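Dear colleague,

I am handing over the structure we spoke about, and below it you will find what came out of going through it. Please read the notes with the structure open beside them.

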Amino acid sequence: MKMNYPRLYLKPGREKALLHGHPWLFSGAVASVEGKRAPGDIVAVTDAGGRSLGLGFFNSRSDIIFRFLTADVDTRCDAHFWRERVRFAEALRRRILPPDTTACRLINAEGDGLPGLIVDRYDDVLVCSIATAGMEKNRTAVLDALTGVCSPRGIYERSEGRARRLEGLEERSGWIYGSCEEGKRIPVRENGLYFEVDIVGGQKTGFFLDQRSNRKGVAGLSRGMTLLNCFSYSGAFSVYAARGGAERVVSVDVSEGANDMARFHLKKNGFSTERHPVIRADVFSWLRETEEVFDGIILDPPAFAKSRKDIARSARGYKDINLQAMKHLQNGGLLWTFSCSSFMDEALFQKVVLGAACDTGKSVQLLKILGPGPDHPTSLAHMEGRYLKGLLLRVSDR
């Protein structure tokens with residue numbers, strides 16, 4: 001049966017972004033809304049001439065007042081709708097996931113047509129995060145779809161952070177389906193390597209799944225090299241580098257809990273922590289104090305920009321860390337440098353890294369533009385969703 005959703009009317013000319021595939025509308029684009037709509041309601045968006053453009057989540061509390069779901073205004077966003085969206089996302093992961101890999105990003109929000117929903121799979125356990133009022137309102141149907149399509153042993157929720165607060169939602173975490181032993185880490189394999197994931201206390205959902213392709217790239221170039229892994233967290237880049245034949249890998253992170261995990265992962269995969277030391281230190285301070293130089297350095301810091309007002313300050317941070325790293329590279333050394341700040345776009349990031357090179361008197365050759373793996377799809381019309389950006393550079397004296 002056809003569903004008649006309330007209508008959201010746009011101002012003249014404000015439909016272009018949607019027609020070009022962008023999934024968001026901001027409050028300034030809206031002329032009026034039928035009735036008194038609650039945050040998270042589904043509405044049909046209509047241009048100033050009365051043409052229907054699609055369905056999406058409405059939330060007047062947010063600057064992003066509309067989040068696109070489908071161009072089919074006659075569809076019913078019911079249990080079948082959510083199940084088909086989850087099934088479509090899961091089918092992509094089955095197709096693109098590499099062999100001997102049991103962890104992936106299962107649903108990547110707007111990139112999979114499910115705005116505000118992140119789901120990571122760790123073997124037979126799912127970790128989900130809900131960040132929009134619309135997805136929160138459909139939470140039960142979405143969870144039913146996840147259990148029906150994926151048959152997980154358990155689902156742990158980590159609906160936390162600034163994005164959720166901006167939608168007018170309280171934070172929530174805990175087991176919402178099934179469970180695993182209290183405090184137990186989830187064992188996974190990634191390209192044949194063994195890792196354990198702390199889904200309750202770890203950063204994000206416990207593991208940086210978006211870096212899998214880049215870790216494999218590091219392994220392919222590491223033979224015979226001395227490498228420095230900065231902000232090493234649980235040591236995944238270091239393990240890959242060691243498997244790739246690195247002569248020595250030094251891991252530096254300020255968290256001793258993360259360092260314990262890094263040592264565990266190195267040993268579990270058959271690598272010596274004497275040959276590949278893990279150091280507890282502030283990376284900025286350590287780089288200023290050490291005299292060691294390396295054949296390659298990996299910079300994967302936490303997000304320096306949490307909002308748009310942080311961009312200028314975060315740019316200074318990215319410039320400083322890249323400048324310090326370049327001082328500790330052999331002539332012709334390789335630099336893998338990343339930003340996971342969604343507010344730091346690729347053009348600005350490249351400009352900041354180039355500024356660091358200029359200040360150190362170095363020449364940089366761009367070997368490859370880096371980003372998340374294919375299990376983190378992004379709409380080509382919504383590059384804001386591609387939060388991870390990176391560069392592989394060859395750094396040399398002028």
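On the face of helix 6 that is turned away from its buried side sit the exposed residues K216 and G220. Please keep in mind throughout that this is a predicted model. The buried residues of helix 6, which spans residues 212-221, are R212, N214, R215, V218 and A219. Seen down the helix axis, these buried residues fall within an arc of 165°, so they line one face of helix 6.

Helix 7 presents another picture, since seven of the eight residues in this helix (residues 236-243) are buried, so that it is largely enclosed by the rest of the structure. The buried residues of helix 7 are A236, F237, S238, V239, Y240, A241 and A242. Helix 7 is followed by G245, and the phi of G245 is positive, near 100°.

Both of these helices come up again with N191, which has its place in the loop between strand 12 (186-190) and strand 13 (193-197). Is N191 buried or exposed? With a relative accessible area of 14%, under the 20% that serves as the limit, N191 is buried. Leaving aside residues up to four places away in sequence, N191 touches R212 and K216, Y240 and R243, and also P98, P99, D100 and T101.

A second loop residue to look at is V73, found between strand 6 (64-70) and helix 2 (79-96). Again not counting residues up to four places away in sequence, V73 touches M3, S52, G54 and L55. V73 and G113 are 40 residues apart in sequence, and their C-alpha atoms lie 15 Å apart in space.

Last comes a pair of packed helices. Helix 10 (residues 311-326) and helix 11 (residues 346-360) pack at an angle of about 45°, their axes being 8 Å apart, and this angle makes helix 10 oblique to helix 11. The crossing of helix 10 and helix 11 is right-handed. From helix 10, the residues I311, A315, Y318, K319, N322, L323 and M326 take part in the contact, and they meet L348, F349, V352, V353, G355, A356, A357, D359 and T360 of helix 11. Sorted by character, the residues of this contact between helix 10 and helix 11 comprise 11 nonpolar, three polar and two charged ones.

With best regards

Methods:
Residues numbered from 1 in each chain as written. Predicted model: local features only at pLDDT ≥ 70, side-chain atom pairs only at ≥ 80, totals over all residues. Heavy atoms only, no water. Axes fitted to C-alpha atoms, helices over the stretch in contact; angles between N-to-C directions. Helix = DSSP H or I, 4+ residues; strand = E, 2+ residues; numbered from the N terminus. Parallel < 35°, antiparallel > 145°, perpendicular 65-115°, else oblique. Left-handed = near helix turned anticlockwise from the far one by under 90°. Contact = heavy atoms within 4.5 Å. Nonpolar A, V, L, I, M, F, W, Y, C, P; charged D, E, K, R; others polar. Buried < 20%, exposed > 50% of the residue type's maximum accessible area, 1.4 Å probe, protein only. Arc of directions from axis to C-beta.
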